[in-house]
Amino acid sequence: MIEIDVAGGIFRDLIFYGNRHSKDLLEIPGGTGYNVFAGLRALGVNVYFHANIGKDWPFEKDDGFNIVENEKSGVFVSLNEIEVLAVYRGANLHAKNGSLRSRILFSSLECGGNTFERYAKSMRTSNGIVILDPSPIFEWKDEYIELCDYLLPNEEEYSAIFGKNILPPRVKIFKKLGEKGAKYIEKNEEYYIPASQGGKFSLGCGDAFDAIVLYGLLNNKTPLEILKTAIEAGTAASFIKGSSTAVVEAIENVKHYFEL
């Protein structure tokens, strides 16, 4: 059984469509951590999700969810999947010292840099692999680079981390370029694949990309195979409303590319 530990954010996503007196509201679980968890689970991966919610969590609770007493669940509010109106991380920032159960860790920084650092150091102590989506970038610290085997940044995050610095030769990068496609970077070599014309719903695109990168790595696919399919997943998600819903549906649409 393929397995992975996932840390990051889990949010009550409130997505409004239309004007500010919106005609449509989508309320679903989201956050990069949750979206990647949901995508990998849909692919049959055994995912150990380290999630923190409050007693107010309005959706189904998974066995891996830790209920944080006296803290509210995280909330993410967006208008038309373009404008982020508010992010409240809440219980996400109050993780317990959970035990890692696999040899691979994926995390975002939504759970706080200190939580990521704790999990990453634990994984590296056991000679496991650490994969980080460095969002939100304000949580980033330069010393985190030494904890990572793979980074999955967007353009803004990549620039904030590296600037003009030479890439550490050990770290491999899948760089998300939005509607322009993506790059794979290793030892200062870059491989670029453009994206086809996408849709107007951007919220789940990056997380669908992340989930396919992880699935490809777990199945020993080549970087270019992974890059191509991850771009296809991100593009597919851009035609689907929502966050976790878009990720799961997009992945179902592209998983046949791996022919596993």
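In this predicted model, the largest nonpolar core holds 47 residues, and among these I4, L40 and F174 touch the most other members. Several elements each give two or more residues to this core: the strands β1 (3-7), β4 (46-53), β8 (104-108) and β12 (182-186), together with the helices α1 (32-42), α4, α5 (223-237) and α6. Helix α4 supplies the largest share, ten residues. In soluble globular proteins, nonpolar side chains tend to be buried together.

F174 shows how one member of this core is surrounded. Leaving aside neighbours within four places in sequence, F174 is in contact with Y150, L151, L152 and P153, with K183 and Y184, with F209 and V213, and with P223, I226 and L227. Apart from the largest core lies another one, of 23 residues, which includes L105, L147, L151 and I173. L151 is thus listed both among the contacts of F174 and among the members of this other core.

The packing of two helices that contribute to the largest core can be followed next. The axes of α4 (residues 205-218) and α6 (residues 244-254) come within 9 Å and cross at roughly 50 degrees. Because angles from 65 to 115 degrees count as roughly perpendicular and those under 35 as roughly parallel, this crossing makes α4 oblique to α6. The crossing of α4 past α6 is right-handed.

On the α4 side, the residues that meet α6 are D207, A208, A211 and I212, and their counterparts in α6 are V247, I251 and V254. By class, the residues of this contact comprise six nonpolar and one charged, with no polar residue.

Definitions and conventions. Residues numbered from 1 in each chain as written. Predicted model: local features only at pLDDT ≥ 70, side-chain atom pairs only at ≥ 80, totals over all residues. Heavy atoms only, no water. Axes fitted to C-alpha atoms, helices over the stretch in contact; angles between N-to-C directions. Helix = DSSP H or I, 4+ residues; strand = E, 2+ residues; numbered from the N terminus. Parallel < 35°, antiparallel > 145°, perpendicular 65-115°, else oblique. Left-handed = near helix turned anticlockwise from the far one by under 90°. Contact = heavy atoms within 4.5 Å. Nonpolar A, V, L, I, M, F, W, Y, C, P; charged D, E, K, R; others polar. Core = buried A, V, L, I, M, F, W, Y, C linked by side-chain atoms within 4.5 Å. Buried < 20%, exposed > 50% of the residue type's maximum accessible area, 1.4 Å probe, protein only.
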